[in-house]
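Subject: Structure handover

Hello,

Here is the structure for you to look at. Please open it alongside this message, and read the notes underneath with it in view.

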Amino acid sequence: MLRQQIRNYYGDPLGTGVVGDQSYYVREASSVAAAGTHWLDRLAHKHRWHHSVSKMKAIVLDVDDTTLATWNYEVFSNWAYNPTTNGQFVTDQKFPAVPGMVDMVNRAAKEGYT
């Protein structure tokens, strides 16, 4: 029952490992990315008027299911973490970007964030 609820959350009721474009997960992740972009925009506008801002700027992002979607691995591994197969997913770059995060990171880079 719980696994089916999680599949539905990711918009993948059949457990194929592909996140559904209109899923609750995509909507939530896109909202978080939009909020991050809005924060960057507000900060950029504010700092244009203040000259005392540090020249070193950085953002810190979580990886799993925040910047990279790991749903495909959960399905592949049948919900059982294995460092070898997980490492292969990382090495082979099998985790797709979470919707909205690439745009947010590019926006941050444009503003000089690392």
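The notes below cover confidence, the aromatic pairs, the nonpolar core, one helix and a few single residues.

Confidence

This is a predicted model. The mean pLDDT of the protein chain is 91, and 92% of the residues score at least 70. Among the elements of the chain, helix H3 (residues 71–76) has the highest mean pLDDT, 98, and helix H2 (residues 24–48) the lowest, 88.

Aromatic pairs

There are 10 aromatic pairs in the structure. Two of them are described here.

Tyr10 and Tyr25 have ring centres 4.7 Å apart and planes at 40°, so this pair is tilted. The two residues are 15 positions apart and link distant parts of the chain: Tyr10 is in the loop between helix H1 (2–9) and H2, and Tyr25 is in helix H2. Tyr10 counts as buried because its relative accessibility is 9%, under the 20% cut-off. Tyr25 has a relative accessible area of 4%, so Tyr25 is buried by the same criterion.

The second pair is Tyr73 with Phe89. Their ring centres lie 5.0 Å apart with the planes at 75°, an angle over 60°, and the pair is therefore edge-to-face. This pair also links distant parts of the chain, with Tyr73 in helix H3 and Phe89 in helix H4 (residues 83–91), 16 residues apart. Tyr73 is buried at a relative accessible area of 2%, and Phe89 is buried at 7%. The ring of Phe89 has a further partner: the charged end of Lys94 sits over it, 4.9 Å from the ring centre.

Ring pairs also join Tyr9, Tyr10, Tyr25, Trp71 and Trp79 into a cluster.

Nonpolar core

The largest nonpolar core has 15 residues, of which Tyr10, Val19, Tyr25, Leu40, Val98, Met101 and Tyr113 touch the most other members. H2 and H5 each supply at least two residues of this core, and the largest share, 6 residues, comes from H2.

Which residues does Tyr25 touch, not counting those up to four places away in sequence? They are Tyr9, Tyr10, Val19, Asp65, Ala69 and Val98. Tyr10, Val19 and Val98 are also among the core residues listed above.

Helix H5

The buried residues of helix H5 (residues 101–110) are Met101, Met104, Arg107 and Ala108. These residues cover an arc of only 125° around the axis, which means that they are on the same side of H5. The general reason is that an α-helix has 3.6 residues a turn, so residues three or four places apart point the same way. The exposed residues Asp103 and Lys110 are on the face of H5 turned away from its buried side. After H5 comes Gly112, with a positive phi near 90°.

Single residues

Two residues other than glycine also have a positive phi. One is Asp65, with phi near 65°. Asp65 is in the loop between H2 and H3 and, at 24% relative accessibility, counts as partly exposed. Asp65 is also one of the contacts of Tyr25 given above. The other is Asn78, where phi is about 55°; Asn78 lies in the loop between H3 and H4.

Is Asn86, a residue of helix H4, buried or exposed? Asn86 is buried, with a relative accessible area of 17%. Leaving out residues up to four places away in sequence, Asn86 touches Tyr73, Tyr81 and Phe95. Tyr73 is the residue that forms the edge-to-face pair with Phe89.

Lys55 is in the loop between H2 and H3. Lys55 is exposed, because its relative accessible area of 82% is over the 50% cut-off. The C-alpha atoms of Lys55 and His38 are separated by 20 Å, with the two residues 17 apart along the chain.

Regards

Note on methods
Residues numbered from 1 in each chain as written. Predicted model: local features only at pLDDT ≥ 70, side-chain atom pairs only at ≥ 80, totals over all residues. Heavy atoms only, no water. Buried < 20%, exposed > 50% of the residue type's maximum accessible area, 1.4 Å probe, protein only. Helix = DSSP H or I, 4+ residues; strand = E, 2+ residues; numbered from the N terminus. Arc of directions from axis to C-beta. pLDDT = per-residue confidence, 0-100. Phe/Tyr/Trp six-rings, centres within 6.5 Å; stacked < 30°, edge-to-face > 60°. Lys NZ or Arg CZ within 6 Å of the ring centre and 35° of its normal. Core = buried A, V, L, I, M, F, W, Y, C linked by side-chain atoms within 4.5 Å. Contact = heavy atoms within 4.5 Å.
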